[in-house]
Amino acid sequence: MPGIDYSGKHVVVTGGATGVGAGLLEVLAEHGKPRVTVLDLREPAGPHDVFIETNLSNRDAIDAAVAQIDGPIAALFNNAGVADTSQRDIVLAVNLLAPIYLTDALLPQIEQGGAVATTASIAGMAWSQRLPQHLELLAQEGWDAKAKWLDGRDLGTQTYAFTKETMQVWTMRDAARLRGHGIRINSACPSPIDTPLVKDFFETMGDDAMNFSIEAAGRMVTGREVAMLLAYLGSPAATFVSGQNIDIDNGMRASMVTGMLSFGGAKA
Ligand SMILES: NC(=O)c1ccc[n+]([C@@H]2O[C@H](COP(=O)([O-])OP(=O)(O)OC[C@H]3O[C@@H](n4cnc5c(N)ncnc54)[C@H](O)[C@@H]3O)[C@@H](O)[C@H]2O)c1
């Protein structure tokens, strides 16, 4: 059976400098040491082969990065993300427009049997409440049309949560299209992670919501634990797994869906 083995492969990671991305570079090095190309604002300290300084909020910068990437690519990890402490346009660009645009731009270079794995979030768990909106957005072709659709629109929730909902709907919607290319697409949906970004979520989501999530899950998930799930999803070990948004929250969302846990506290 195929395992989590990246030997001889080439992978692309966005946001590899800190947090989950830094953990992913370590995990990949331990699982076959693939050739790793990182797109980030800052060069990672962790193991990588090629660093392309890229501001993912800028489409031209993404085009310039793509022009420097040689295929074939076994896995694309769309991991970079920012919180609502950044401006709305930046959050929408980095968390939503960039992963979709980069995936489309690299698609011709992703090999048959390859995979796209995105770091979404448990913050996107309410995607079904806005499914028609997400599908309408995703039907807009290209960066500019999506940006125009988003411009000034009431998103019905925090911008960050909306972007992570869209990532989950995109993961489900694009499974069919990518299946036609022999490529899988999935996401990891973590509860609060012990990374530099988590302090921003305390600021934007408030202590009550964050402490509830952390206490319900038992603790924060580590960047390395999320990286292990991403490494699985990007590898042939996950053959036949596609279109899935996998919660990595110690069962927190499952407990909420089944009424075993509510915002006021545990029922059982
Ligand atoms: N920390 C949490 O509690 C949490 C929870 C759920 C999901 N997530 C998601 O996990 C992913 C990784 O976040 P993290 O917690 O490791 O945070 P982090 O801040 O440690 O890492 C984010 C990475 O993205 C890079 N980045 C940010 N803006 C960029 C830009 N404009 N262009 C290029 N690179 C950019 C940063 O330099 C950094 O390397 C994000 O998508 C985030 O939304 C985080």
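Reader: What radius of gyration does the protein have, and what would a compact globule have?
Author: Happy to start there, with the reminder that this is a predicted model. With 268 residues, a compact globule would have a radius of gyration near 18 Å. The protein agrees with that, at 17 Å.

Reader: How many residues make up the largest nonpolar core, and which helix gives the largest share?
Author: The core holds 68 residues, and those touching the most other members are Val11, Leu24, Phe77, Ala188, Val226 and Leu230. The largest share of this core is 9 residues, and they come from helix 3 (residues 88-106).

Reader: Which residues does Ala188 touch, leaving aside those up to four places away in sequence?
Author: Good one to look up in the model, as Ala188 is among the core residues that touch the most other members. Two of those, Val226 and Leu230, are also contacts of Ala188. The full list for Ala188 is Ala117, Thr119, Ala120, Val226, Leu229, Leu230, Leu233, Ile246 and Ile248.

Reader: Why do the buried residues of helix 8 line one face of the helix?
Author: The residues in question are Ser213, Ala216 and Ala217, in a helix that covers residues 207-217. Seen down the axis of helix 8, they fall within an arc of 90°, so they line one face. An α-helix has 3.6 residues a turn, so residues three or four places apart point the same way. For helix 8, then, the value behind the single buried face is an arc of 90°.

Reader: What do the buried residues of helix 8 pack against, and which exposed residues are on the face turned away?
Author: The buried residues pack against helix 10 (252-257) and strand 8 (261-262). The face turned away from the buried side carries the exposed residues Asp207, Asp208, Asn211 and Glu215.

Reader: Which residues come nearest to the ligand, and which helix gives the largest share of the shell?
Author: Of the 29 residues around the ligand, Gly15, Ala17, Gly19, Gly81 and Leu197 come nearest. Two elements each give two or more residues to this shell, helix 1 (19-30) and helix 7 (198-205). By character, the shell divides into 14 nonpolar, 13 polar and 2 charged residues. The largest share, 3 residues, comes from helix 1.

Reader: Is Gly152 buried or exposed?
Author: Gly152 lies in the loop between helix 5 (142-150) and helix 6 (159-179). A residue with 12 or fewer other C-beta atoms within 10 Å counts as exposed. Gly152 has 6 of them, so Gly152 is exposed.

Conventions. Residues numbered from 1 in each chain as written. Predicted model: local features only at pLDDT ≥ 70, side-chain atom pairs only at ≥ 80, totals over all residues. Near = placed C-beta within 6 Å. Helix = DSSP H or I, 4+ residues; strand = E, 2+ residues; numbered from the N terminus. Nonpolar A, V, L, I, M, F, W, Y, C, P; charged D, E, K, R; others polar. Buried ≥ 20, exposed ≤ 12 C-beta atoms within 10 Å, placed from the backbone. Arc of directions from axis to C-beta. Contact = placed C-beta atoms within 7 Å. Core = buried A, V, L, I, M, F, W, Y, C linked by C-beta atoms within 7 Å. Rg over C-alpha atoms; globule rule 2.2 N^0.38 Å.
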